[in-house]
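Ready for a few exercises at the viewer? Open the model, try each task yourself, and then follow the solution step by step.

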Amino acid sequence: MKQLHKQSSGIGHYKRDEEIPTSHSHPYSPKSLKHSNRSLPKSINYILREQRLLFILVGILIGSTFFVLQPSLSRLSTSESSSASTSIGIWSRDQISTTSGGGSNFGFGKTGRIPVGIARKRMRIVVTGGAGFVGSHLVDRLMARGDDVIVIDNFFTGRKENVMHHFGNPRFELIRHDVVEPILLEVDQIYHLACPASPVHYKFNPVKTIKTNVMGTLNMLGLAKRIGARFLLTSTSEVYGDPLEHPQKETYWGHVNPIGVRSCYDEGKRTAETLTMDYHRGAEVEVRIARIFNTYGPRMCLDDGRVVSNFVAQAIRKQPLTVYGDGKQTRSFQYVADLVNGLMALMEGEHIGPFNLGNPGEFTMLELAEVVKETVDSSATIEFHENTADDPHKRKPDISKAKELLNWEPKISLKQGLPLMVSDFRNRILNEDEGKGQ
């Protein structure tokens, strides 16, 4: 039995080996030959079926036509470009006109057209606090320049009326947002103006004020770092406190009370400057710092506690002009259009700062009161009140650095700019709800 089993198993192995030919024993097996014979007709049938061969021939014809005509087309385009450049010619200095206001426009003689490739790149810019007094004027200039502008404002001191004339413009966006909370945007430049800047407003909620200066600045610097945007911080002359140096240069470190009623703003802005420089040194963020001195103009809040708006509003309402202390404190006043020119020059320039942006013309409070009386109502009277705490006695910027590096200085005098502000205040006080019942 064992012998029969072995024989049968051997026969089985032999048959299996015989049924499965190897490449060594049968290099041209019937199966492989049969497959090769069938593959050729199938491929030819695929090409001929559904007119595929016709499409292949048409494609070859189109490709050949392109390669035949391409050299002649390139010669034609080269000749056209050379003739266009000949008609443009070489510009002379007289043909290039440079306009003021943070940018240059180039034109040909009287036509004023901008050649292709010469026009500046349209920027996408965010302005925090853009519905406020200074911010809205900056937005106007950026929009007039042709940029896309995004305004972020929580409307604590800003007013929608300041920017509503841009509603409907596809290049303008308005976002109601508090910069204390993060926000994600894609922009090229960030003008960071968000913070209450008048004593009445920043003393109303001092903790909120310092949070805006610290957390708001951190959030916007973080955004600038993530997206590679250039960042401009609007600081303040208040970083000098009650200065012991007069006039104040950017190298002066200040004389500030860190625990006073104005510290939320003074020290908040000093901290914002520190954060800005740390992001520049540590994260290589492109930054700019402007220290803004007293500014006036249309769209100021009517009752913000600033001396110019106080005097103008009181004179229009037939109220006495309130002077604090002896009235011998000095301030310098710049018109808002001059400030906007300075901010744009700083942003577009190559220097970090800080830069003093203000008018070096110095007025005492009594002198200012007399100018307001002369402009608004010569019969207005003056009342003296006790001076407020930590009120600086002298404030005057040294702007030699801005003159040299930014080619900037204020152009509009107080007597030129004040009537424009008075006209705006008179209209709002007499005709709008903002001024009623005050």
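**Exercise 1: Two helices that cross**

Helices H4 and H9 cross in a right-handed manner. Keep in mind that this is a predicted model.

Task: Work out how H4 is oriented relative to H9, and which residues make the contact.

Solution:
- Start with the geometry: the axes of H4 (residues 133-145) and H9 lie 10 Å apart, and the helices pack at an angle of about 60 degrees.
- Angles from 65 to 115 degrees would count as roughly perpendicular and those under 35 as roughly parallel. H4 is therefore oblique to H9.
- Now look at the side chains: Phe133, Val134, His137, Leu138, Arg141, Leu142 and Arg145 in H4 meet residues of H9, including Val336, Leu339, Val340 and Met344.
- Sorted by class, the contact of H4 with H9 has nine nonpolar, two polar and three charged residues.

**Exercise 2: A second helix pair**

Task: Repeat the analysis for H8 and H12.

Solution:
- The axes of H8 (residues 307-316) and H12 (residues 414-431) come within 10 Å and cross at roughly 55 degrees.
- This pair is therefore oblique too, and H8 passes H12 in a right-handed crossing.
- From H8, the contact uses Val308, Ser309, Val312, Ala313 and Ile316. Their counterparts in H12 are Leu418, Met421, Val422, Phe425, Arg426 and Ile429.
- The residues of this contact divide into nine nonpolar, one polar and one charged.

**Exercise 3: Reading the sheet**

Task: Find the strand order of the seven-stranded sheet, then its edges and the helices packed on it.

Solution:
- The sheet is open, its pairing is parallel, and its order is E3-E2-E1-E4-E5-E6-E11.
- E3 (172-176) and E11 (355-357) stand at the edges; each has a single partner strand, so one side of each lacks a neighbour in the sheet.
- On average, neighbouring strands are turned by 20 degrees against each other, direction ignored.
- For a close look at one pairing, take E2 (residues 148-153) and E3, joined by five bridges. Here isoleucine 150 stands opposite glutamate 173.
- H6 (residues 206-227) packs on the sheet, touching E1, E4, E5 and E6, and its direction makes about 170 degrees with that of E4.
- H9 (residues 336-348) packs on the sheet too, touching E4, E5, E6 and E11, with its direction at about 140 degrees to that of E5.

Terms used
Residues numbered from 1 in each chain as written. Predicted model: local features only at pLDDT ≥ 70, side-chain atom pairs only at ≥ 80, totals over all residues. Heavy atoms only, no water. Pairing = 2+ DSSP bridges. Helix = DSSP H or I, 4+ residues; strand = E, 2+ residues; numbered from the N terminus. Axes fitted to C-alpha atoms, helices over the stretch in contact; angles between N-to-C directions. Contact = heavy atoms within 4.5 Å. Parallel < 35°, antiparallel > 145°, perpendicular 65-115°, else oblique. Left-handed = near helix turned anticlockwise from the far one by under 90°. Nonpolar A, V, L, I, M, F, W, Y, C, P; charged D, E, K, R; others polar.
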